[in-house]
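Trainee: I would like a close look at a single part of this model. Please take one sheet together with the helices beside it, and then set that part within the chain.

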Amino acid sequence: MTSGTTGAAAALADLPPSPAVWCSGLRKRYGRQTAVEDVSFSVARGEVLGLLGPNGAGKTSVIKMLLGLVRPDAGEVLLLGRRASDPRSRSAVGYLPELFRYQPWLTPREVLDLHVRLAKADVRASERQECLALVGLADRAGDRVGGFSKGMQQRLGLAVALVARPELVVLDEPTSALDPIGRVDVRDLVLALKSRGVAVLLNSHLIGEVERVCDRVVILDKGRVAASGTLAELLGQREVRLRLAGVDGRIEDRLRAAGSLTRSGDWFTVQLTADDDGVTVPDLVRDLVGLGVAVHAVEPVRISLEERLLAVLRHDEPTAEGTQR
Ligand SMILES: Nc1ncnc2c1ncn2[C@@H]1O[C@H](COP(=O)(O)OP(=O)(O)OP(=O)(O)O)[C@@H](O)[C@H]1O
């Protein structure tokens, strides 16, 4: 029995860590209004998942069900391998709600102290101060929150979400009140979390922000998953189309060196590799001109996440090439 238990424990220790979020068949109705219907997805450790969708699509309702703040009518949730009904499931989760308000008589330092105590985490004062510095509030640590602007309160909300060293961070519209520099800061912050293996679930209407930081995206529409996948899956592979005159075998070899090549008349399509660092196309064009080719057109062929989102929501599905014409 004992050896069996030990064996089972060893086998469990060898298993890969459970996903940060796993949910299946989530449903929520408010009266006759269906807010969420049959939503399933997961977020791996260290992965950044973006939740997109129009107003009322059900994003916040999904987040609240994941966090056990709203009871689903159907479906299951596991957070960091534990059921959402288990209070321990939330101890390693940092959450920035869409609507946040902190006690106006407290200082940021006191707000963080309170949250560290509530999370029963062992976070030293210096680390708490570092957390305030990370969100740009180091100089205001001793001021009363009541005098803070909305953006400063949102920064404090971020510090609260991060202070207890979470393994999963859920950010519901984290930059809605932030200035452009603050938005860049949050982007860097999300990438820093990811590099430490922290999973992030990001709900944002700022599609550019989602496109820059997210590994995968779930698009909700009228409470249902309308599309989901990695950015590469959703947006297609990146290609460049060139209209060229004066192309011979040597020039085709140069084009092929940039990626796999297809030709249709004087249009050449080069499929760029996934790890393209942004210099392939300028280098190619420079070489082509140097080789005496007349370059009439250079068109990138990759739809933006915004185009893709609009296509999904309007129920028309353009091909990557189709949007360029
Ligand atoms: N407490 C509630 N009582 C009644 N209806 C609700 C409640 N919460 C959400 N809803 C309804 O559920 C639907 C989804 O709302 P939800 O807030 O989840 O959408 P959202 O995608 O987060 O929207 P937004 O982008 O505007 O924040 C909406 O029709 C909303 O009116």
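Mentor: In this predicted model, a suitable place to begin is the pairing of strand S11 (residues 239-245) with strand S13 (residues 267-271): the two run antiparallel and are joined by five bridges. Within this pairing, Leu242 has Phe268 of S13 standing opposite. In general terms, the strands of a sheet pair through backbone hydrogen bonds, in either a parallel or an antiparallel manner.

The pair belongs to an open sheet of four strands, whose order is S12-S13-S11-S14 and whose pairing is antiparallel. Its edges are formed by strand S12 (260-264) and strand S14 (294-301), each of which pairs on one side only. On average, neighbouring strands of this sheet are turned by 20° against each other, with direction ignored.

The helix to consider with this sheet is H10, which lies across S11 and S14 and runs at about 165° to S14. H10 therefore touches both S11, a partner of S13 through five bridges, and S14, one of the two edge strands.

H10 also has a helical neighbour. As a general matter, two packed helices are described by the angle between their axes and by the distance between those axes. The axes of helix H9 (residues 249-258) and helix H10 (residues 280-290) come within 10 Å and cross at roughly 170°. Because an angle over 145 degrees counts as roughly antiparallel, H9 is roughly antiparallel to H10. On the H9 side, the contact involves Ile251, Arg254 and Ala258, which meet Thr280, Leu284, Asp287 and Leu288 in H10. Sorted by class, the residues of this contact are four nonpolar, one polar and two charged.

A second region offers a useful parallel reading. There, an open sheet of four strands has the order S2-S1-S4-S5, again with antiparallel pairing. Strand S2 (33-43) and strand S5 (82-83) are its edge strands, each pairing on one side only. Within it, strand S1 (residues 21-30) and strand S4 (residues 74-79) run antiparallel and are joined by five bridges, and Ser24 stands opposite Glu76 in S4. Helix H2 (residues 59-66) lies across S1, S2 and S4, and runs at about 120° to S1.

A further helix pair may be set beside that of H9 and H10. The axes of helix H3 (residues 108-118) and helix H4 (residues 125-134) come within 10 Å and cross at roughly 120°, which makes H3 oblique to H4. The crossing of H3 past H4 is right-handed. Here Pro108, Leu112 and Val116 in H3 meet Arg128, Cys131 and Leu132 in H4. The residues of this contact comprise five nonpolar, no polar and one charged.

Finally, the setting of these parts. The chain has eleven helices and 14 strands. Its C-alpha atoms fill a box of roughly 70 × 55 × 50 Å along the principal axes. Of its 325 residues, 31% count as buried. Among contacts in the chain with a separation of 6 or more, 68% are between residues 24 or more positions apart.

Terms used. Residues are numbered from 1 along each chain as its sequence is written. This is a predicted model: local features need pLDDT of at least 70, side-chain atom pairs count only at pLDDT 80 or more; totals for chains, interfaces and linings use all residues. Axes are lines fitted to C-alpha atoms, for helices over the stretch in contact, and angles run from 0 to 180 degrees between N-to-C directions. Angles under 35 degrees count as roughly parallel, over 145 as roughly antiparallel, 65 to 115 as roughly perpendicular and the rest as oblique. A crossing is left-handed if the near helix is turned anticlockwise from the far one by less than a right angle, and right-handed if clockwise. Two residues are in contact if their C-beta atoms, placed from the backbone, lie within 7 Å. Ala, Val, Leu, Ile, Met, Phe, Trp, Tyr, Cys and Pro count as nonpolar, Asp, Glu, Lys and Arg as charged, and the others, Gly among them, as polar. Two strands pair if DSSP finds at least two bridges between them. A residue is buried if 20 or more other C-beta atoms lie within 10 Å of its own, exposed if 12 or fewer, and partly exposed in between; C-beta atoms are placed from the backbone.
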